Structures are given as structure tokens and as C-alpha cells.
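Welcome to a guided tour, one selection at a time. Please open the model in your viewer and keep the selection box at hand.

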Amino acid sequence: MKGKEGFFFKKKKQKTFCKLGRASFTATDPVSKKFLRRFFQKAATFFLLLFALPAAAQSPSTPTGRWLTANRQAVIQVEPCGANFCGRIIGIIVLHAGDPMPLDWLGRPQCGFVMLRTKRHTGTATEPRWAGSVQDPRDGNSYDAIIAMRPDGKLHLRGYVAVPLFGETQRWTPFTGETFADCRLPGNNPNG
């Protein structure tokens with residue numbers, strides 16, 4: 001006889017799938033089959049969610065849309081113009097319905113003023129960005145710009161002179177309110 005098992009009392013060898021200290025689950029144990037089935041179902045669900053969340057959190061691939069500027073005083077419509085994008089003013093916050101439309105540096109109404117132009121795509125598929133220029137409608141000054149789409153759904157506009165390091169970044173948010181043909185947005189609630 002060999003040890004406890006001997007020839008007559010030979011134990012069946014069982015495959016152990018999961019060993020947790022003193023507890024282990026084998027393929028022949030009905031509890032372990034149920035456990036393993038649930039474990040793999042939950043693991044599969046976890047991995048599906050793990051890979052689906054980054055896809056859902058991806059930033060938009062283009063800057064097209066209506067954007068509320070960082071100072072919440074204007075709405076800019078960004079749309080394709082040729083192979084690039086242009087942004088024009090489609091809404092300006094006025095305190096009172098009778099207030100005059102703000103004028104640009106040439107004395108024309110700012111409504112419809114094209115203040116943003118991209119020149120080329122400089123980003124990647126995961127981090128879309130464009131190089132271009134932005135022009136201040138109040139004084140006509142032009143600045144180089146980098147436009148980037150962020151995963152949080154905001155558009156980041158960095159205006160600078162010569163080197164991006166010496167610039168300022170504005171964060172524009174999507175605009176969901178109503179705009180009118182005369183560009184006037186009454187009241188203080190620009191998304192209302």
C-alpha cells in the first residue's frame with residue numbers, strides 16, 4: 001500500500017480552478033460551476049465596460065457646432081469653410097432688448113463677423129487640434145491660435161503671439177440655447 005490512498009482507495013484527481021487560501025473550487029463541484037459561470041459573466045461585463053467607456057468619453061472629432069465663449073458674452077458658430085473651419089459670431093448677449101449691437105473696429109455690426117479660421121489639422125485622431133488664427137472684433141488684432149477638442153466636450157482655444165507658451169487658453173462650452181437672426185441674446189442666461 002502506498003500512503004493513505006493505496007490501491008483500493010485511490011482519489012480522483014480534480015482540476016482546481018481557483019484556490020483561495022483553504023478554499024478551492026473544482027470542476028466537479030456544483031457550487032464551483034455556478035461560481036465560475038457567474039465569475040466569467042461578471043468579468044466579461046467588466047471588460048466590455050472597461051473598453052466601452054473610453055470610446056464613449058472620446059472628444060468630438062471636429063469643432064463644428066455652436067460655442068459659448070469663455071466670458072459668456074458671445075456665441076460662435078464653427079462650421080466647415082473649404083477644407084478648414086471658420087467661426088463666426090451668431091449671438092451676442094445684450095442686457096436690454098433696445099441696446100445697440102456692438103460694432104467691430106471698422107464700425108460694422110459684429111453679427112456675422114468671422115473671428116476664427118483654421119489653416120491645418122495638427123492633432124491626432126484621439127486628440128484633434130487645428131492651427132489657425134483668431135481675430136478680435138473690437139480692435140482687429142489677429143493672433144495665432146490652436147483649437148483643440150477636449151474629452152469633456154469643450155473646445156479649447158489658445159491665442160498667442162509668436163510662441164504658444166506666451167498665450168492664453170479659453171475654454172468654450174457647447175451652446176444649447178436659441179439664437180436669432182439679429183444676433184441679440186437677451187438676458188443673462190445664454191443657454192436659456
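One definition before the first stop: a residue is called buried under 20% relative accessible area, exposed over 50%, and partly exposed in between, using a 1.4 Å probe and protein chains only. This is a predicted model, so local features need pLDDT of at least 70 and side-chain atom pairs count only at pLDDT 80 or more, while totals for chains, interfaces and linings use all residues. Residues are numbered from 1 along each chain as its sequence is written, and side-chain values use heavy atoms, with hydrogens and water left out.

**The whole chain**

Start with a cartoon view. You should find one helix and 11 strands, where helices (H or I, at least four residues) and strands (E, at least two) are DSSP runs numbered from the N terminus. Following the sequence, the pattern reads β-β-α-β-β-β-β-β-β-β-β-β. Of the 192 residues, 29% count as buried. Now switch on the surface: the accessible area comes to about 13200 Å², with 58% belonging to carbon and sulfur atoms. Such areas come from the Shrake-Rupley method with a 1.4 Å probe, and for residues only the protein chains shown count as cover. As for contacts (heavy atoms within 4.5 Å), those between residues 24 or more positions apart make up 38% of the contacts with a separation of 6 or more.

**The loop between β9 and β10**

Select 155-160 for β9 and 167-174 for β10, then look at the loop between them, where L165 sits. A162 lies in this loop too. Is A162 buried or exposed? A162 is exposed, because its relative accessible area is 65%. Check its backbone as well: phi is near 70°, a positive value in a residue other than glycine.

Next, show V163, L165 and F166, which make a nonpolar surface patch of about 340 Å². Patches are built from residues with over 30% relative accessible area and no salt bridge; like charges are joined within 9 Å, and nonpolar side chains (Val, Leu, Ile, Met, Phe, Trp, Tyr) within 5 Å. L165 counts as exposed because its relative accessibility is 63%.

**A stop inside β9**

Select H156, in strand β9. H156 has a relative accessible area of 16%, so it is buried. Setting aside neighbours within four places in sequence, H156 touches I146, I147, A148, R150, T169, Q170 and R171.

**The largest pocket**

Keep Q170 selected and add M115, D136, P137 and R138: of the 25 lining residues of the largest pocket, these five lie nearest its centre. The elements giving two or more residues to the lining are β4 (74-81), β5 (84-94), β7 (129-135), β9 and β10. Which element gives the most to the lining? That is β10, with four residues. The volume is about 660 Å³, meaning the space filled by probe spheres set on grid points joined across faces, edges and corners. On a 1 Å grid over the protein atoms alone, a pocket is an open set of points with protein on both sides within 12 Å along at least five of seven lines, and lining residues have an atom within 4 Å of a point.

**Salt bridges**

Side chains of opposite charge can pair when their charged atoms come close. Here a salt bridge is a side-chain nitrogen of Lys or Arg within 4 Å of a carboxyl oxygen of Asp or Glu, and the structure holds five.

- Stay with R138 and D136: their closest N and O atoms are 2.9 Å apart. R138 is exposed at 62% relative accessibility, while D136 is buried at 14%.
- Move to D104 and R108, paired at 3.3 Å. D104 is buried at 6%, whereas R108 is partly exposed at 44%.
- Then pick R88 and E79, which meet at 3.2 Å, N to O. R88 is partly exposed at 32%, and E79 is partly exposed at 30%.

**Two last residues**

Select R72, in the loop between β3 (65-68) and β4. Its phi is near 60°, positive in a residue other than glycine, and R72 is partly exposed at 40%.

Finish at S142, in strand β8 (residues 142-149). S142 is exposed at 52%; leaving aside neighbours within four places in sequence, S142 is in contact with V134 and Q135. Draw a C-alpha to C-alpha line from S142 to L116: the two are 26 residues apart in sequence and 9.6 Å apart in space.

Key:
1 Å grid on protein atoms, 1.4 Å probe; cavity = no way out; pocket = protein on both sides within 12 Å on 5 of 7 lines; lining within 4 Å.
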